[in-house]
Amino acid sequence: MKKLIVLTLLLPVVYSNAQDSYLSLSGGYGIGMPGNDGVEIVEYSDGKRVETLKHVNFGSGLNVDLAHGSPLGKSAHFELAVGYQNNMGSTLENTYYVEERNSANQLVEKVENSIRTINSSSFRFAPGFRFMAGEGNVRGFAKVAPQLIVAKVSSDFEFMSDDLNIVSAEEYSRAASFGFMAALGCERDISNKLVIFGSVNASLGYYSPNEWKLVKYEYNGEDVLDKIALRDKQTYYSKEIEGNGSGTNPEQATRQLKTRMDYSSIALNIGVRFLL
């Protein structure tokens, strides 16, 4: 993958022709492909329990791309693109209906709710190729490129009941990975210098952080983060660990094996190209 990126970066040095270069700006919204799964739970006081599978899409949401293209021929360009993505928050909600006796020894139903919001964002760097098909004012096009994804994930959690409120926040470290992207679309000339286009974009990637940290923990409005043992609020991920990763020292961070989380998506984008 690294050799492919170096090769694509060298191509415009040989073939570039400024007469047909362009700048493009596009944006759109993507859904996870296939995304990571979470579970939402509703549990009733009579014992009935309903679990619902929900996609937690790290690579989905709003995306914006800026690209510069240099010609390689009549219908092919080398394109260097940078992009930003934000999933705008993906939530998992659990609801529990619990029966308890009040001070008058009466059986009453109490509702407990918990909401976890998972936030993800990334920057993408994709040196690749753009191919056009057809002539005239309306043309089809396709793009392919390896890409470097630099992503970060965090989550916010809140538990709410009549007499208890817990608010916490956790963060995973920023991590880089190599992936692949492709697009298929159609464009139309507006003038001799302006082109509008729409496309379906597919992005394949993963996210594998090195560290997890609990950065906030409030119990009924009181900050108790400092009272939590280090091993319960910090974890390091590596490809190999020795012995018991959690250890026996509460003031030593936990160690776990690295895992990969899917960071892929498919998106609908619209944009403009400015011919230089």
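S21 sits in the loop that joins α1 (2–15) to β1. In this predicted model, S21 is buried, with a relative accessible area of 6%. That value counts as buried because the cut-off is under 20% relative accessible area. Leaving out residues up to four places away in sequence, S21 touches H68, G69, S70 and P71, and also F274, L275 and L276.

**The nonpolar core**

Which residues have the most contacts inside the largest nonpolar core? They are F58, V153, Y172, Y207 and Y263, in a core of 17 residues. Two strands, β8 (138–160) and β13 (211–219), each supply at least two residues of this core. The largest share, three residues, comes from β8.

F58 can be followed further. Once its neighbours within four places in sequence are set aside, F58 is in contact with N36, Q85, N87, I118 and S120. The contacts of F58 also include V153, M261, D262 and Y263. Among these partners, V153 and Y263 are themselves listed with F58 as having the most contacts inside the core.

**The cavities**

How many cavities of 30 Å³ or more does the structure hold? There are two. The table sets out the volume and lining of each.

| Cavity | Volume | Nonpolar lining | Polar lining | Charged lining |
|---|---|---|---|---|
| Largest | about 360 Å³ | 15 residues | 15 residues | four residues |
| Second largest | about 50 Å³ | three residues | two residues | four residues |

The largest cavity is lined by 34 residues, and the closest to its centre are D65, R124, Q147, M181 and N201. Several strands each supply at least two residues of this lining: β1 (22–32), β4 (61–71), β5 (76–86), β7 (107–133), β8, β11 (194–204) and β18 (265–275). Of the strands, β7 gives the most to the lining of the largest cavity, with six residues.

The second largest cavity is lined by Y22, S24, E79, R130 and F141, together with K143, F197, S199 and R273. The strands β1, β8 and β11 each supply at least two residues of this lining. These strands also each supply at least two residues to the lining of the largest cavity.

The strand β8 therefore recurs in the description. It supplies three residues of the largest nonpolar core, at least two residues of the lining of the largest cavity, and at least two of the lining of the second largest cavity.

Notes:
Residues are numbered from 1 along each chain as its sequence is written. This is a predicted model: local features need pLDDT of at least 70, side-chain atom pairs count only at pLDDT 80 or more; totals for chains, interfaces and linings use all residues. Side-chain values use heavy atoms; hydrogens and water are left out. A nonpolar core is a set of buried Ala, Val, Leu, Ile, Met, Phe, Trp, Tyr and Cys residues joined through side-chain atoms within 4.5 Å. Buried means under 20% relative accessible area, exposed over 50%, partly exposed in between (1.4 Å probe, protein chains only). Helices (H or I, at least four residues) and strands (E, at least two) are DSSP runs, numbered from the N terminus. Contact means heavy atoms within 4.5 Å. On a 1 Å grid over the protein atoms alone, a cavity is a set of points where a 1.4 Å probe fits but cannot get out, and a pocket is an open set with protein on both sides within 12 Å along at least five of seven lines; lining residues have an atom within 4 Å of a point. Grid points are joined across faces, edges and corners, and a volume is the space filled by probe spheres set on the points. Ala, Val, Leu, Ile, Met, Phe, Trp, Tyr, Cys and Pro count as nonpolar, Asp, Glu, Lys and Arg as charged, and the others, Gly among them, as polar.
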